[in-house]
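Please open the structure in your viewer and keep the sequence panel beside it, since each stop on this tour begins with a selection.

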Amino acid sequence: MKTVLITGCSSGYGLETARHFHSHGWNVVATMRTPREDVLPQSERLRVVPLDVTRPASIAAAIEASGPIDVLVNNAGVGAIGAFESTPIAMARELFETNTFGVMAMTQAVLPQFRERRAGVVVNVTSSVTLARMPLVAVYTASKAAIEGFTASLALELEEFDVGAKLVEPGYCPTTAFTSNGQSRMEGLIPEGYASFAQRVLGDFEQPAAVTRVSDVAEAVWRAANDATGQLRFPAGPDAVALAQSR
Ligand SMILES: NC(=O)c1ccc[n+]([C@@H]2O[C@H](COP(=O)([O-])OP(=O)(O)OC[C@H]3O[C@@H](n4cnc5c(N)ncnc54)[C@H](OP(=O)(O)O)[C@@H]3O)[C@@H](O)[C@H]2O)c1
């Protein structure tokens, strides 16, 4: 029976992905910054383990507690919407700590066991903002675009050891990364000069033409984890698939 470790399972795409792998009979190590059994009850095949991807000691403890794993899903991420001009560089660093360096640190933590067993897959969740440009998310896009390049190169280097590296590129879904979580990070990031522009752009978010469902992402992660064709990118959700096709 295979085991998947997923980061950021307290809500949104990570939570649904944990449920999806569990329903397909896998062992699931569902990690959360603050473990909450009310969202994901523990069972024989599902363990909730504490993990903050920005803390090396937390990463080491989670990997130790998990035992051998077959698939790592780097899903944990934070969003931020705002004009770059007024985004503090400290906030950009904070975003990169989770979305970029957290992914790299988690990947480094599992690679020795994957390489030794000559098996394993790393699935990195980025975003459709890497497929088509969007305003007011420059720092977020940068943090995810870095992981696109990272994963593309890593996939080639790991082929030598029969280890996979994949990208899942979800479209927009009003989960907490871009609602409560993102909004708290937006305060003061839309200065007066950008107000009417931001209103137009963000208005499109309120009634998007197509949205991604959490199940679209869980399904795409599942396909990426089980892929035997060498496909690197898995756009997830109708909006992301359309963007990928029009690129
Ligand atoms: N929603 C969208 O429209 C969208 C679109 C494209 C891509 N994405 C990406 O999809 C992924 C999942 O996002 P989501 O939409 O499902 O948002 P979400 O519901 O806010 O989930 C994000 C998860 O990441 C966790 N997290 C944040 N910082 C962490 C850290 N330092 N260590 C460990 N876990 C951490 C959060 O935990 P806490 O509960 O502790 O905060 C939460 O469990 C993210 O990488 C996001 O960038 C989202």
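**First stop: a loop residue and its contacts**

Select L40 and display its surroundings: leaving out residues up to four places away in sequence, L40 touches C9, L15, A18, R19, A30, M32, L46 and V48. Bear in mind while looking that this is a predicted model. L40 sits in the loop between β2 (27-32) and β3 (46-50), and with a relative accessible area of 3% it is buried, because the cut-off for that label is under 20%. If you then add T87 to the selection, you will find that L40 and T87, which are 47 residues apart in sequence, are 35 Å apart in space from C-alpha to C-alpha.

**Second stop: another loop**

Move next to S128, which lies in the loop between β5 (121-125) and α4 (138-159). S128 has a relative accessibility of 10% and therefore counts as buried. Once its neighbours within four places in sequence are set aside, the residues in contact with S128 are E169, P170, G171, A240 and L243.

**Third stop: helix α6**

Now select residues 195-206, the 12 residues of helix α6, and place a distance between the end C-alpha atoms: they are 16 Å apart, which agrees with the 16 Å that the helix should span at 1.5 Å a residue. Within α6, colour the buried residues, which are A198, V201, L202 and F205. These residues cover an arc of only 90° around the axis, so they are on the same side of α6. Finally, turn to the other side of α6, where Q199, R200, D204 and E206 are exposed.

Key: Residues numbered from 1 in each chain as written. Predicted model: local features only at pLDDT ≥ 70, side-chain atom pairs only at ≥ 80, totals over all residues. Heavy atoms only, no water. Helix = DSSP H or I, 4+ residues; strand = E, 2+ residues; numbered from the N terminus. Expected span 1.5 Å × (residues − 1). Buried < 20%, exposed > 50% of the residue type's maximum accessible area, 1.4 Å probe, protein only. Arc of directions from axis to C-beta. Contact = heavy atoms within 4.5 Å.
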